[in-house]
Amino acid sequence: MKKSKRSLIENYEITPFTCFIKPIVYGSKIYSQVVEINDEFISPFKPKVIINQSCEYFGSSYEGRKGGTRRLIGVTHKAPIIIDQTNPIFFFPTTSPLSDDCIWIAHHQVIDYKKKGNGMVQVYFRNNITLEVNISIGSFTNQMQRTAVLESKVSKINKEIGKMAYGLHRMHNNMEASETPRNYSAEKTDE
């Protein structure tokens with residue numbers, strides 16, 4: 001991975017530019033190395049905390065997103081999740097999210113990956129950064145495929161919602177256009 005200046009930050013929400021969030025040992029604690037397309041940060045929080053805070057920032061929770069994945073594609077173990085539905089950002093874990101070794105990878109930032117040997121995979125990102133991950137090629141491929149299926153399901157749902165909203169909008173406009181103007185007057189009636 002190329003070297004860049006790392007800034008220590010207190011709060012971080014995942015953006016469309018986030019490539020991965022990797023645990024690192026910082027003193028005696030586990031922090032996170034957050035790599036974006038053009039920047040890199042160190043956060044005093046573990047990767048799963050950043051994932052959860054980002055889900056909450058976009059109106060859900062990690063558990064809610066995980067439940068959505070379970071409902072949509074039936075995956076419960078090492079489940080990929082959508083962080084933000086308006087700018088579809090999908091991440092997947094490389095191991096159990098409970099593990100201190102878990103790296104979270106942005107699916108849309110991966111352009112290629114290859115078996116490296118000794119159970120390692122070399123991951124290539126859009127920003128020309130590479131990351132060596134301790135995961136079998138089969139498991140990494142499975143995570144990429146699961147995330148692609150989740151992304152496809154969410155995209156289909158978003159399109160259906162868009163069509164319904166468009167249909168309701170057109171129906172509303174047609175109703176307004178079909179109405180003829182009337183003169184209404186407030187007449188007093190003697191009672």
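1. Secondary structure. The protein chain of this predicted model holds three helices and 10 strands. From start to end of the sequence, these elements follow the pattern β-β-β-β-α-α-β-β-β-β-β-β-α.

2. Overall figures. The protein chain has 191 residues, and buried residues make up 37% of them. Its accessible surface comes to about 11,800 Å², and carbon and sulfur atoms account for 50% of that area. If one takes the contacts between residues at least 6 apart in sequence, 46% of them join residues at least 24 apart.

3. The seven-stranded sheet. Seven strands form an open sheet with mixed pairing, in the order 1-4-3-2-7-6-5. Strand 1 (7–8) and strand 5 (81–84) are the edge strands, and each of them pairs on one side only. A reader tracing the sheet may find it useful to begin at the strand 5 end, which the next point covers.

4. Strands 5, 6 and 7. Strand 5 and strand 6 form a hairpin, with four residues between them. Their pairing is antiparallel and runs over three bridges; Asp84 has Ile89 of strand 6 as its bridge partner. Strand 6 (residues 89–93) is also joined to strand 7 by three bridges, and these two strands run antiparallel. Here Phe91 has Ala106, in strand 7, as its bridge partner. Helix 2 packs on the sheet, where it touches strand 5 and strand 7. The direction of helix 2 makes about 130° with that of strand 5.

5. The largest nonpolar core. This core has 17 residues, and the members that touch the most others are Ile14, Ile21, Ile51, Ile83, Phe91 and Trp104. Two or more residues come from each of helix 1 (47–57), strand 5, strand 6 and strand 7. Helix 1 gives the most, with three residues. Which residues does Ile51 touch, not counting those up to four places away in sequence? They are Ile14, Ile21, Tyr62, Ile81, Ile83, Phe91 and Trp104. Apart from this core lies another, of 16 residues, and its members include Phe92, Val121, Phe140 and Met144.

6. The three-stranded sheet. A further three strands form an open sheet with antiparallel pairing, in the order 8-9-10. Strand 8 (110–117) and strand 10 (130–134) each have a single partner strand, so one side of each is left without a neighbour in the sheet. On average, neighbouring strands of this sheet are turned by 25° against each other, direction ignored. Strand 8 and strand 9 pair in the antiparallel sense, and six bridges make up that pairing. Lys115 stands opposite Val121 of strand 9, and Val121 is also one of the members of the 16-residue core.

7. A tilted aromatic pair. Seven aromatic pairs are found in a search of the whole structure. One of these is formed by Phe20 and Phe125, whose rings are 5.2 Å apart centre to centre, with 40° between the planes; the pair is tilted. Phe20 belongs to strand 2 (residues 18–26) and Phe125 to strand 9 (residues 120–125), so the pair ties together parts that are 105 residues apart in sequence. Both Phe20 and Phe125 are buried.

8. An edge-to-face aromatic pair. How are the rings of Tyr62 and Trp104 arranged? Their centres are 6.0 Å apart and their planes stand at 90°, so the pair is edge-to-face. Tyr62 lies in helix 2 (residues 62–73) and Trp104 in strand 7 (residues 104–106), so this pair ties together parts that are 42 residues apart in sequence. Tyr62 has a relative accessible area of 4% and is buried. Trp104, at 0% relative accessibility, counts as buried too. Tyr62 and Trp104 are both among the residues that Ile51 touches.

9. An aromatic cluster. Phe92, Tyr113 and Phe140 form one aromatic cluster. Two of its members, Phe92 and Phe140, are also named among the residues of the 16-residue core.

How values were computed. Residues are numbered from 1 along each chain as its sequence is written. This is a predicted model: local features need pLDDT of at least 70, side-chain atom pairs count only at pLDDT 80 or more; totals for chains, interfaces and linings use all residues. Side-chain values use heavy atoms; hydrogens and water are left out. Buried means under 20% relative accessible area, exposed over 50%, partly exposed in between (1.4 Å probe, protein chains only). Contact means heavy atoms within 4.5 Å. Accessible areas come from the Shrake-Rupley method with a 1.4 Å probe; for residues, only the protein chains shown count as cover. Rings of Phe, Tyr and Trp (its six-membered ring) pair if their centres lie within 6.5 Å; planes under 30 degrees apart count as stacked, over 60 as edge-to-face and the rest as tilted. Two strands pair if DSSP finds at least two bridges between them. Axes are lines fitted to C-alpha atoms, for helices over the stretch in contact, and angles run from 0 to 180 degrees between N-to-C directions. A nonpolar core is a set of buried Ala, Val, Leu, Ile, Met, Phe, Trp, Tyr and Cys residues joined through side-chain atoms within 4.5 Å.
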